[in-house]
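User: I have a model open on my screen and would like to go through it with you. Could we take it one question at a time?

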Amino acid sequence: MADRKPENKRHRKLDRIDRAILAALQEDGRISNVALAEKVHLSPSPCLERVKRLEAAGYIEGYQAKLNASKMGYGKIAFVQVSLERTTEDIFSNFKKEVMSSPYVAECHMVAGGYDYLIKVRFDDIENYRSVLETVVRFPGVSQTHSYMVIEQVKVEAEVPIDKS
């Protein structure tokens with residue numbers, strides 16, 4: 001059986017040029033409209049209209065610079081499994097508010113399985129990590145955590161796959 005890509009209903013609305021625009025912008029969000037238009041074989045005006053349409057439709061959520069975490073003092077990473085004392089709406093809500101306000105939490109995912117959340121935290125050294133972990137264990141509803149230090153980042157990919165067909 002051949003590998004099949006998961007069906008995505010929104011994906012069907014994109015034509016070849018839309019996908020080329022998204023791929024080019026994902027590769028270089030600072031590309032000028034003129035260069036983008038040339039790359040996707042359009043004139044600048046229709047290219048800009050397509051970009052605006054893709055933004056309005058939510059395919060493009062924004063543009064941002066990729067910062068060097070080490071130079072910014074957050075070069076180390078740990079993943080923290082978090083179990084909550086109870087799984088009630090108020091505990092979930094209060095926990096999420098704390099996570100959203102923490103500058104050290106890079107990612108937070110509610111998961112199904114043996115614990116409730118998987119958090120990715122950034123820090124610079126072990127003393128800073130201890131402080132970050134002390135903050136996490138004080139989040140509302142936290143009953144238990146398990147930490148996993150990242151020794152090597154094998155693959156870090158923020159890009160979303162774009163089917164070129």
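User: With which residue does E85 form a salt bridge?

Analyst: Happy to help, and please keep in mind that this is a predicted model. E85 is partly exposed, at 46% relative accessibility. Its salt-bridge partner is partly exposed too, at 43%. The closest N and O atoms of the pair are 3.2 Å apart, and the partner of E85 is R86.

User: How many residues apart are E27 and K39, which meet in a salt bridge?

Analyst: In this pair, N and O lie 3.6 Å from each other. E27 is exposed, with a relative accessible area of 60%, while K39 counts as partly exposed at 45%. E27 sits in helix α1 (residues 16–27) and K39 in helix α2 (residues 33–39), so the bridge links distant parts of the chain. Along the chain, the two are 12 residues apart.

User: Which helix holds both R130 and E134?

Analyst: Their side chains meet in a salt bridge, 3.1 Å from N to O. R130 is exposed at 58% relative accessible area, and E134 is partly exposed at 35%. Being 4 residues apart, they are separated by about one helical turn, and the helix is α5.

User: How many salt bridges does the model have?

Analyst: The bridge between E85 and R86 is one case. There is also a network of salt bridges that links D15, D18, R50 and R53. For the model, the count comes to 7.

User: Which strands stand at the edges of the sheet?

Analyst: The sheet is open and has 4 strands, with antiparallel pairing. Their order is β2-β3-β1-β4. A strand at an edge has a single partner, so one side of it is left without a neighbour in the sheet. That describes β2 (105–110) and β4 (142–149).

User: By how much are neighbouring strands turned against each other on average?

Analyst: The strands in question follow the order β2-β3-β1-β4. Ignoring direction, the average turn between neighbours in this sheet is 20°.

User: Over how many bridges do β1 and β3 pair?

Analyst: Two facing pairs help you find this contact on screen: I77 stands opposite R122 in β3, and V80 stands opposite I119 in β3. The two strands pair in the antiparallel sense, and the number of bridges is 7.

User: Which residue stands opposite I119 on the β2 side?

Analyst: β2 and β3 run antiparallel and are joined by 5 bridges. In their hairpin, 6 residues lie between the strands, and G113 takes a positive phi near 145°. The residue opposite I119 in β3 is C108.

User: Is β3 mostly covered or mostly open, and how many of its residues are buried?

Analyst: Helix α4 (residues 89–101) packs on the sheet, touching β1, β2, β3 and β4, and its direction makes about 20° with that of β3. Helix α5 (residues 126–137) lies across β1, β3 and β4, running at about 155° to β4. Buried here means under 20% relative accessible area. β3 is mostly covered, and its buried residues number 5 of 7.

User: Which residues make the nonpolar surface patch?

Analyst: One member, M72, is found in the loop between α3 (44–56) and β1 (76–84). M72 is exposed, with a relative accessible area of 53%. The patch covers about 320 Å², and its residues are L67, M72 and Y74.

Methods: Residues are numbered from 1 along each chain as its sequence is written. This is a predicted model: local features need pLDDT of at least 70, side-chain atom pairs count only at pLDDT 80 or more; totals for chains, interfaces and linings use all residues. Side-chain values use heavy atoms; hydrogens and water are left out. Patches are made of residues with over 30% relative accessible area and no salt bridge: like charges are joined within 9 Å, nonpolar side chains (Val, Leu, Ile, Met, Phe, Trp, Tyr) within 5 Å. Accessible areas come from the Shrake-Rupley method with a 1.4 Å probe; for residues, only the protein chains shown count as cover. A salt bridge is a side-chain nitrogen of Lys or Arg within 4 Å of a carboxyl oxygen of Asp or Glu. Buried means under 20% relative accessible area, exposed over 50%, partly exposed in between (1.4 Å probe, protein chains only). Two strands pair if DSSP finds at least two bridges between them. Axes are lines fitted to C-alpha atoms, for helices over the stretch in contact, and angles run from 0 to 180 degrees between N-to-C directions. Contact means heavy atoms within 4.5 Å.
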